[in-house]
Amino acid sequence: MPPRTCALCSTNRAMLKRPKTGQQICRECFFYVFETELFKPGDRVAIGASGGKDSTVLAYVMKTLNERYNYGLELFLLSIDEGITGYRDDSLETVKRNQQQYSMPLKILSYDELYGWTMDAIVSQVGRKNNCTFCGVFRRQALDRGASMLGVDHIVTGHNADDIAETVLMNIMRGDIARLGRCTSICTQGEDTIKRSKPFKYAYEKEIVMYAYFKKLDYFSTECIYSPDAYRGHARVFLKDLEAARPSAIIDIIHSGEAFEIREEVKATQKVQQTCKRCGYMSSNDLCKACTLLEGLERGMAQAGITDRGRKKLESEGPAPENLRTIPFYQPPSAGNAAILLEAP
Ligand code: SF4
Ligand code: ZN
Ligand code: ZN
């Protein structure tokens with residue numbers, strides 16, 4: 001049998017089969033795909049920037065490495081303004097200083113402009129329980145929408161090892177198999193989603209704090225006034241206790257999370273990805289989570305997006321009114337829609 005030729009360059013002899021894609025490729029092409037998997041020259045990369053230590057260190061390190069190793073990346077700061085008076089307004093001032101310090105363009109997208117609701121308004125309706133559910137769902141979608149407006153290929157976020165270990169624990173405790181599978185991957189990309197990655201997946205929070213301290217980076221260190229979910233709080237305390245007893249606990253939990261495999265029968269029961277009928281964002285149901293939560297808020301039944309009972313109650317009130325406020329239709333990223341509206345430096 002003649003030797004196979006490389007599936008990528010169709011010239012050289014294939015030397016290996018990539019486990020991930022099954023492609024037979026040559027040595028040179030292997031080096032190239034392996035080295036450029038995370039970033040390639042000319043990539044437009046948005047750094048999810050909150051002004052906190054993790055994303056500030058991330059912005060600094062991305063800029064430093066980009067210059068030191070000539071990655072050739074175009075870097076942007078992308079901030080989401082949740083509308084939390086006394087917290088996000090101050091931290092955004094930090095991001096604006098980072099914009100100057102690192103000479104990076106900055107885009108700020110607010111919940112108010114996207115959803116018509118600030119977190120302050122949401123908390124005044126839903127109280128201090130479940131507020132982080134709204135905030136988390138809205139932030140995820142806002143980041144994708146902001147990235148799409150910037151026409152970027154890739155979003156990087158400052159999640160550190162402690163955050164990921166915490167999420168692994170929470171997903172185990174909730175039995176959320178789909179999320180457990182996803183939460184430990186460094187990089188995720190669906191078919192029409194923007195690539196997301198967490199370069200600090202293995203960096204301990206302690207090291208990030210030390211790096212920021214020694215480098216004298218300008219970051220904002222106040223906690224959100226609507227402190228995180230009690231549930232995440234418990235996972236955090238538990239993790240800190242474990243770490244005190246055995247510092248490798250954090251990395252061990254991440255490794256365990258990575259080692260879980262989902263059985264084929266379970267995979268088969270998972271919902272397929274589609275797009276939201278109302279706003280075009282990806283969703284596993286007719287309506288995406290953000291549209292469901294927004295409808296609940298708009299109709300004064302915030303529980304509708306949280307509990308099944310709430311949802312049934314909303315449905316029993318009849319269909320959504322014609323004039324219901326909705327989220328603007330999502331334009332998946334394409335070179336053509338890079339309408340860039342940046343904050344003036
Ligand atoms: Fe949002 Fe909750 Fe985080 Fe505050 S603690 S920013 S409400 S997710
Ligand atoms: Zn080749
Ligand atoms: Zn939607």
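Two strands are taken to pair where DSSP finds at least two bridges between them. The model shown in the views below is predicted.

**View 1. Domain division of the predicted chain.** The protein chain is divided into domain 1 (9-38), domain 2 (40-270) and domain 3 (271-330). Between domain 1 and domain 3, the C-alpha centres are separated by 44 Å.

**View 2. The open sheet and its strand order.** Six strands form an open sheet with mixed pairing, in the order 5-4-3-6-8-7. Strand 5 and strand 7 (187-188) stand at the edges, where each has a single partner strand, so that one side of each is left without a neighbour in the sheet.

**View 3. Strand 3 and its pairing with strand 6.** Strand 3 (residues 44-48) is mostly covered, since 4 of its 5 residues count as buried. With strand 6 (residues 154-156), strand 3 pairs in the parallel sense over 3 bridges, and across this pairing A46 stands opposite I155 of strand 6.

**View 4. Strand 3, helix 2 and strand 4.** Strand 3 and strand 4 (residues 74-81) run parallel and are joined by 5 bridges; among the facing residues, V45 stands opposite L75 in strand 4. From strand 3 the chain passes through helix 2 (residues 53-68) to reach strand 4, in a β-α-β crossover that is right-handed. Strand 4 is itself mostly covered, with 7 of its 8 residues buried.

**View 5. Strand 4, helix 3 and strand 5.** On one side, R44 stands opposite E74 in strand 4, while the pairing of strand 4 with strand 5 (residues 106-110) is parallel and comprises 5 bridges. In this pairing L78 stands opposite K107 in strand 5. The chain proceeds from strand 4 through helix 3 (residues 88-101) to strand 5, and the β-α-β crossover so made is right-handed.

**View 6. S50 and the annotated binding site.** An unreviewed UniProt entry lists G48, A49, S50, D54, I80, G158 and D163 under "binding site". Among these listed positions, S50 is placed in the loop between strand 3 and helix 2. S50 counts as buried because 22 other C-beta atoms lie within 10 Å, where the cut-off for a buried residue is 20 or more.

**View 7. The shell around ligand 1.** Around ligand 1 are the residues E82, M119, N131, C132, C135, G136, C224, Y226, S227 and P228. By residue class, this shell divides into 6 nonpolar, 3 polar and 1 charged. Helix 6 (residues 131-150) gives the most to the shell, contributing 4 residues.

**View 8. The annotated C-terminal segment.** In an unreviewed entry, UniProt lists residues 274-303 for "domain: Cytoplasmic tRNA 2-thiolation protein 1 C-terminal". Over residues 274-303 the chain is 33% helix and 13% strand, and the C-alpha atoms at the two ends of this segment are 24 Å apart. In the division of the chain, domain 3 is given the bounds 271-330.

Notes: Residues numbered from 1 in each chain as written. Chains lettered and ligands numbered in written order. Predicted model: local features only at pLDDT ≥ 70, side-chain atom pairs only at ≥ 80, totals over all residues. UniProt positions renumbered as here; feature names shortened; annotations may be inferred. Near = placed C-beta within 6 Å. Nonpolar A, V, L, I, M, F, W, Y, C, P; charged D, E, K, R; others polar. Domains from an automatic or database assignment. Buried ≥ 20, exposed ≤ 12 C-beta atoms within 10 Å, placed from the backbone. Right-handed = clockwise from strand over helix to strand, strands pointing away.
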